Every structure is written in C-alpha cells, then in structure tokens.
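The following note is offered to a colleague who is viewing this entry for the first time. Please read the numbered points alongside the display below.

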Amino acid sequence: MANLESLIQKCTSFSHIKQLQAYFITTGNFQFCRTRSKLIDLCAIAPFGSLSFAISVFRQLQNPFTNDFNAIIRGLVQSPEPTTAFAWYRTMQRGSIRVDALTCSFTLKACARVLAATEALQVHANIVRFGFLADALLGTTLLDVYAKVGDLYHARKMFDEMPQRDIASWNSLIFGLAQGDQASEALDLFKRMEVEGLKPNEVTVLGVLSACSHLGDFKEGEEIHRFIRNEKLDLNVQVCNALIDMYANCGFVDKAYNAFDDMGCRKSLVTWNTMIMAFAMDGDGCKALQLFEQMGGAGVQPDAVTYLAVLCACNHTGLVEDGLRMFNTMEKHGVKPNVKHYGTVVDLLGRAGRLKEAYDIINSMPVVPDVVLWQSLLGACRIYKDVEMAEIASRNLVEMGSNNCGDFVLLSNVYAAHERWNDVGRVRDSMKFRDVKKVPGFSYIEVNGLRHKFFTGDKSNAKWEEIYSKLDEIRFKIKELGYVAETSFVLHDIGEEEKENQLCYHSEKLAVAFGLISTSEGTPIQVIKNLRICGDCHVVINLISKIYGRQIIVRDRVRFHKFKDGFCSCRDYW
C-alpha cells in the first residue's frame, strides 16, 4: 500500500491517474483498498485532474468509504458549482456513511463560497451532534463561514467560546466585522488582539485597513501604516493596495499617492487601478489620465477596471472629450466595453448637458441597457430640468421593474423644478401604490473615537441644543456673505420660509455643526453621508469652511468633496 501511495504522489498528468486507476482494477484492489481515496482526491482537485472523471470512478464503488465522499465534496467545493457539495453531504447523512470532521470542514467551505447561511447552521448542528467542536481547525472554519455570510452573532459566539484561538480565528472575525457594518468593533478586536499578545500578520492588517476605509478613520489607519512599516509588511503587494485604498477612502489622496510611490514591492495591475480610482473619487481627472499614461510606460496592460476608473475620473471632472477618447480606444487595446463603461459614458455626457447623445448611446448599445444607465440619464435630466427626457427614462425604469425610491424622487425633482405640483403628487401616489420607501439620508462624524449619526431634523444627540444654536449662528453669518437658500431642492408646494427651515436641518449640516462645537479650532472635520450631498448643503459647507477656517471633507455615495477657504475640490461640478 505504501508503494501505491508513493505512485499517487508521483502523478503529474491525467494519463498517470488513468493508468493508476487501471492498475487498481486489474490487481483487484479497487473495491477494497483505502488508498484509492487518495487517487480520487487527486483526480478531483489537481489542476491536471478531472472532477467528472473522479465522480465516474466513484460511481463504480460498491461500498464507498468516508474518504471517497470527502474527495468528491472537496473537488466540488473548488468547482464552478460548489452548491452540489450539499447534495453529496446529505447523501452521506441519509446512508450509513460516517461523516467525519473533514466532511464538515469541506462542506463548510462550500457554504463560505456561496454564502449559504442556512446550510452552515445545519452543518454546525451536526458538528455539535457528532462531537467535533473540540477540533480547533474545524471551529475556525465554522467561524470563518459565519463571518463571511454576515451572521456576526454566531461568529462572535463561536469566537468567545473557543478554548484556544489561533491567528486565523482572530482574522476571520476582524474581516467579518469590517465587512458587516461593524467596523468600529473590528478595530476594537484588533487592539484586543495586541493586548493579548498575538502578533498581527498580513491578513490581519488587510482586515483592519478595510475597517478604517469603511469608517473614514485615517488616524487609526496611520497607526496601522506605522505598524506595517515597522514589521516590513509593506513588501506584500496586497497590503500596499489596501493601504492606498484606505487613504483614498478617507479622502487623503496625497497620502494614498505617497503610499503608492513608496512601495517596496512591484506594483500590480490592482495597484495602478486602485490609485487611478483614488484620483477619480477625488475629482482629479488630469492626474488619473497622467497615471494611466505612466502605467503604459511601465509595461502594465490596462484592463476593464482600469478603463472604468479613468472614465469615472473624466466623469467627475467634466473631461468629456478625454472620456470619449478613452472609451472609443478601448477595443483597440483589446478591452471590450461592458455595461458599466457605457453607464459611465452616459453619465459623463448627461452631466455635461448632452442628453440627446447620452440617450443615443443607450439606444445603440450592443448589450441590453441596465437600470443604472436609465438612472444616470434621469439624474442628468434633474440637473438640466428636461421633463421630456426624464419621462422617457422613468418609463423605461418602470418597464424594467425598478422600484428604487431614487428613481421616483428624481422624476419628482424635475416636475418640482417646473412647479408642476400635480405631477409631483402623482409620482408620490405611485410610490405609495408600489409601496416604495424613501431611503432616509443620514450623515455621521467621528469625534474622540465615538461615531455620531444624524438624520434630517435630528434631536437625538445629547448636544442637540448646542448644535441647533450653532446652525442659527451659521445661518446668520452666511447670509451676511450673500447666501440665499437653494429652495429648489425642497420638493413641496410650500412657502419659501418653510422650505428654508427644512433645508437648514439636513443631516450633513447637523454633522458639520456638531464637528464645529466638538473639536478645537483648525481641526479638519470629516463627514460621511449615505446619499449624495444636497446642493444647498454644498453651498453652505463651502461658506462654513471660509468663515470658520476649517477644512471639511464630505464623503458622499459617489465621491469626495473637500471644502477649504470657500472652495470645493469638485469645482462645483458634481
């Protein structure tokens, strides 16, 4: 048997596997020798193997062993259809085949690949039933699955109940928390990890950098950057890419570029793409185009993501001709435009007021337009108050079954701009009939390590009276500079004074006012908003930056707005 195992280890091609299988059959070992499981395993998972052949070999077995099933399940996990592994697992349970810890581990990996939360719970129940919980590796695999499927309650429970935790278990939970809207808890866990004497590795810092990106917490990000430098983890290209992305998502594109420029390892295609997209989010199309040219000079071939990043940069900066030139040369460089590229070009033309051209591109596309393209056109119609085109876009969205509240709000915006209040009411009635719920806008700001969240007209903060008092002070000061409220952003048939009062207490204004009363003079203020920044808020925050001498960074759903000395980095093109 030892000789057979050594022969299996020496297999380097599919023909070798077939020869060995023939040998097993001719020597009479095929039905009884346990070594055959290793051959099936090799055939199922090796690059030169064949999963379908492994399954056909399995079908010839009169009495399959547990390891035979494990080999097929393991192969299925790596296949394009990992969900098939669940059927094999259930077959084992229904028959008289013993399920072992490896069976559970491979099936859990299938759960992780397809984010199968229900199946993960079922496997967990069997792990408890079979008494496998003492297996540390299996416990870590189960924790990893719960973290990936977003079941953070069970992930935390698994973590807390572990008698011993290895670095993989800490990393799994940190990643899960970072991706599951619990980024602050991910940072807390990272700090606890250091207190308990565990040394973070490359995977750990990837998780915490992701948490910093979600929170916009560049101070914590800088601490992690120092740790990365000290531990020489910046020789890992994935860590460097995450670092660039973190600074970019926090609004510090200059620090992102420094990290890009100072890399101690070879830049990958992802590195270039991340930096180009960082310039795009910052609204610096010229630098994005320059970097694209440098990329070609460095011998790195652009891919679909690169072109999307460059097109976004042109879109956010209003570089229409440059954007169209890039789009029209894509296929010459071997990159076929997909629906996202078309969507960006439609948005690029729409923002520039070239609505007819944008509409023509949608109609001439070689692929079926998706919802986003029509939404982009509808958004442009709001800017330019084009009722006819807005109605065309809206009709197409309805035909495609879109039930997004933003579609109705944008159409309502266009009608409101022309004071067509009956049509505004009709859109509202349609929203009620379709049970469309408007997504509430909110903004948050972090001060002294605590996150403060605000909704429009919010009075839940302990300092709400000071906040509102500060807003009154701001309103008085900006009116002295000639500010007039942008009441066209209020979609109600009410008086101008009422409209102005509604605008005054938008979530981003509340967050900025809280920042002014809670931080020392000269300290930059960072605000993150879940939707696009309101036009009136943009004007007001611009003036606040001038009056109070503060740099104010607002990250909205689409891009960054950096306000300083009465100017915004978007140059009022957004």
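1. In this predicted model, Ser-443 has Lys-529 of strand β3 as its bridge partner. The strands concerned are β1 and β3 (residues 525-529), which run antiparallel and are joined by two bridges.

2. Strand β1 spans residues 442-447 and is mostly covered, with five of its six residues buried. Strand β2 (residues 450-455) also pairs with β1, in the antiparallel sense and over six bridges. Within this pairing, Phe-442 stands opposite Phe-455 of β2.

3. Together, β1 and β2 make a hairpin that has two residues between the strands. Asn-448 lies in the turn, where its phi is positive at about 55°.

4. The wider arrangement is an open sheet of six strands, ordered β2-β1-β3-β4-β5-β6, with mixed pairing. Its edges are formed by β2 and β6 (567-568), each of which pairs on one side only.

5. Elsewhere in the sheet, strand β4 (residues 552-555) runs antiparallel to strand β5 (residues 560-564), and four bridges join them. Val-554, for example, has His-561 in β5 as its bridge partner.

6. Two helices that pack on the sheet deserve attention. Helix α13 (residues 202-215) touches β1, β2, β3 and β4, and its direction makes about 120° with that of β1. Helix α30 (residues 535-547) touches β4, β5 and β6, and its direction makes about 40° with that of β5. Strand β4 is thus named among the contacts of α13 and among those of α30.

Conventions:
Residues are numbered from 1 along each chain as its sequence is written. This is a predicted model: local features need pLDDT of at least 70, side-chain atom pairs count only at pLDDT 80 or more; totals for chains, interfaces and linings use all residues. Side-chain values use heavy atoms; hydrogens and water are left out. Buried means under 20% relative accessible area, exposed over 50%, partly exposed in between (1.4 Å probe, protein chains only). Two strands pair if DSSP finds at least two bridges between them. Contact means heavy atoms within 4.5 Å. Axes are lines fitted to C-alpha atoms, for helices over the stretch in contact, and angles run from 0 to 180 degrees between N-to-C directions.
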